[in-house]
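Colleague: I would like to learn how to read the basic features of a model like the one below. Please take them one at a time.

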Amino acid sequence: MSFIEANLRLLDGFATTVILFFSSLIIAIPLGALVCRLRLSKIKAIENIMRFFIWAIRGTPLMLQIIVIFYVPGILFNVRIESRMAAAIIAFAINYAVYFGEIYRAGYTSVSRGQRDAATSLGLSGKETFFKILLPPTVKKIIPPMTNETISLVKDTALARVISVGEIIYEAQKIVSTHAIIWVLLYTGVFYLLFNGLVSLISGKIEKRLSYYGE
Amino acid sequence: MTLEIIDLSKKFGDTAALDGVSFCADSGKVLTVIGDSGSGKSTLLKLLDHIEQKDSGRIILDGKELYCGKDAVFSDRLNFGLVFQNFNLFYPYSAYENIMIPVRSMVKREIKTRGVPLSRRKKETAAALAEREKSVRRLIERLNISKIKDQYPISLSGGEAQRVAIARALATDPAVICFDEPTSALDHKLVGEVAEIITSLRELDKIIIVVTHDISLAKKISDNVIFMKNGRIIESGDAGILDDPKTEELNDFLK
């Protein structure tokens, strides 16, 4: 296998990893808000259902969840998810939405009661209180844990190989095992380092932008 | 203007935080509510501002009963400006923005309530805001916060943060201004300054209610005094009761 051929294969894997990552992230961020909202529901039944759901998703391996989402709907309901990529994205999005939701919840509930009381006292509506007063400090508080989770997501995309989605490690391993070329592993490692470097850089910039105020 | 409180009660679980409290407060005068922690002073302020809901009793301002019905809460609440113990300034906003946020919210609601058609809403809101901004500027001058108005709460000293909190509470022009333990988060040296600010508000013809356990402050500012214990008013009267208490409980508290 030529150097160029190997590079093209890795590039394919790289593209798949990037698509997996961004699609999962874009779905998981708002879905996490829904998880958080339902978990904070004043209706006990909804709160308990969410507790169970969070326990189930956090307590089982992501790899198992990918397998379940790809195979189980077809076996049980005859609704096959044709695209392996889509199945992987759904699994990542649900799994990460649960983690994100818990991070949002921790951030939101840690904004001091006094901020809420002041907004209420000053006659702000519920919508104004949430968007103007509670959301900005929540966002500030959740940036560091969200960065950690996002970095984990970058690395977890490698689990998509369990249903044969050709992400970068999948492609690299195929090259190593069939052509005994080792440098592709180094190449793969560097890719993850650069990608996560970029995630840290962006999060650092956001943190810096929000550092003008403190609690 | 008179604020009349009749038989106000509030329980948290089995504990009566406020138990049949009644009193009157007049505009242009400072009413000080004194008592130990847990006597129900702060709960009283929260009920006035409807941050907590009363179990029973009536709150009457200038002959009109407040908080009758859900729709009345937002407008009735604006009759009260509350200066919190820890000021509770909004962290992400400058001092000026802290003062303007409630003003903008109020103007927006007023325009909406008046039923101004959407096409004219933006223009009318801008005009009403410009008008309000003038009085906010006067307030900023009055409370001597012009120099710090662009600073964020984190960089303000305790005294400065309190002046901003007072300006914010007054920005919507409430009839009643309430202070919750105004000296507890401040250096003791600032007590005189706080007393001066509070008494200067008499000129604005507001009803001023100050909740405190700081007797030296109470002596400096009070026109009338209420002494509370276990959610009940034990003794009330003019500032003279601070020097000449009639009940043993107040006598013990003042020692």
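Modeller: What follows goes from the whole chains down to single residues.

Modeller: This is a predicted model, in which local features need pLDDT of at least 70, side-chain atom pairs count only at pLDDT 80 or more, and totals for chains, interfaces and linings use all residues. Residues are numbered from 1 along each chain as its sequence is written, chains are lettered from A and ligands numbered from 1 in the order in which they are written, and side-chain values use heavy atoms, with hydrogens and water left out.

Colleague: How many helices and strands are there in chain B, and how many in chain A?

Modeller: Helices (H or I, at least four residues) and strands (E, at least two) are DSSP runs, numbered from the N terminus. Chain B has eight helices and ten strands. Chain A has eight helices and zero strands, so read from the N terminus its elements run α-α-α-α-α-α-α-α.

Colleague: What does the radius of gyration say about chain B?

Modeller: The radius is taken over C-alpha atoms, and the globule rule is 2.2 Å times the number of residues to the power 0.38. For 255 residues a compact globule would come near 18 Å, and the 19 Å of chain B agrees with that. The C-alpha trace of chain B spans about 65 × 45 × 35 Å along its principal axes. For chain A the spans are about 70 × 45 × 25 Å.

Colleague: What share of the residues is buried in chain B, and what share in chain A?

Modeller: Buried means under 20% relative accessible area, exposed over 50%, and partly exposed in between (1.4 Å probe, protein chains only). In chain B, 51% of the 255 residues are buried. In chain A, 44% of the 215 residues are buried.

Colleague: What supplies the exposed area of each chain?

Modeller: Accessible areas come from the Shrake-Rupley method with a 1.4 Å probe; for residues, only the protein chains shown count as cover. Chain A exposes about 11,400 Å², with 70% of it from carbon and sulfur atoms. Chain B exposes about 11,900 Å², and carbon and sulfur supply 46% of that area.

Colleague: How many charged side chains are there in chain B and in chain A?

Modeller: Lys and Arg count as positive and Asp and Glu as negative, while His and the chain ends are not counted. The place of a charge is NZ of Lys, CZ of Arg, CG of Asp or CD of Glu. Chain B has 37 positive and 38 negative side chains, the centres of the two sets lying 8 Å apart. Chain A has 22 positive and 13 negative ones, with centres 7 Å apart.

Colleague: What do the contacts say about sequence separation?

Modeller: A contact means heavy atoms within 4.5 Å. Take the contacts between residues at least 6 apart in sequence: in chain A, 76% of them join residues at least 24 apart. The corresponding share in chain B is 67%.

Colleague: Which residues does Thr32(B) touch?

Modeller: Thr32(B) sits in strand 3 (residues 30–34) of chain B and is buried, at 0% relative accessibility. Residues up to four places away in sequence are not counted; among those it touches are Val210(B), Thr212(B), Ala218(B) and Ile226(B).

Colleague: Where is His50(B)?

Modeller: His50(B) is in the loop between helix 1 and strand 4 (56–61) of chain B. Its relative accessible area is 14%, so it is buried. Apart from neighbours within four places in sequence, His50(B) is in contact with Tyr67(B), Val73(B) and Arg77(B).

Colleague: Which phi value does Asn78(A) have, and which does Glu181(B) have?

Modeller: Both are residues other than glycine with a positive phi: near 60° for Asn78(A) and near 45° for Glu181(B). Asn78(A) lies in the loop between helix 3 (62–77) and helix 4 (84–110) of chain A, and is exposed at 69% relative accessibility. Glu181(B) lies in the loop between strand 7 (176–180) and helix 6 (191–200) of chain B, but is buried, with 6%.

Colleague: How many disulfides does the structure hold?

Modeller: A disulfide is a pair of cysteine sulfur atoms within 2.5 Å. The structure holds zero over all chains. Cys68(B) is in no disulfide, and the nearest cysteine sulfur, that of Cys24(B), is 17 Å away. Cys68(B) is partly exposed, at 48% relative accessible area.
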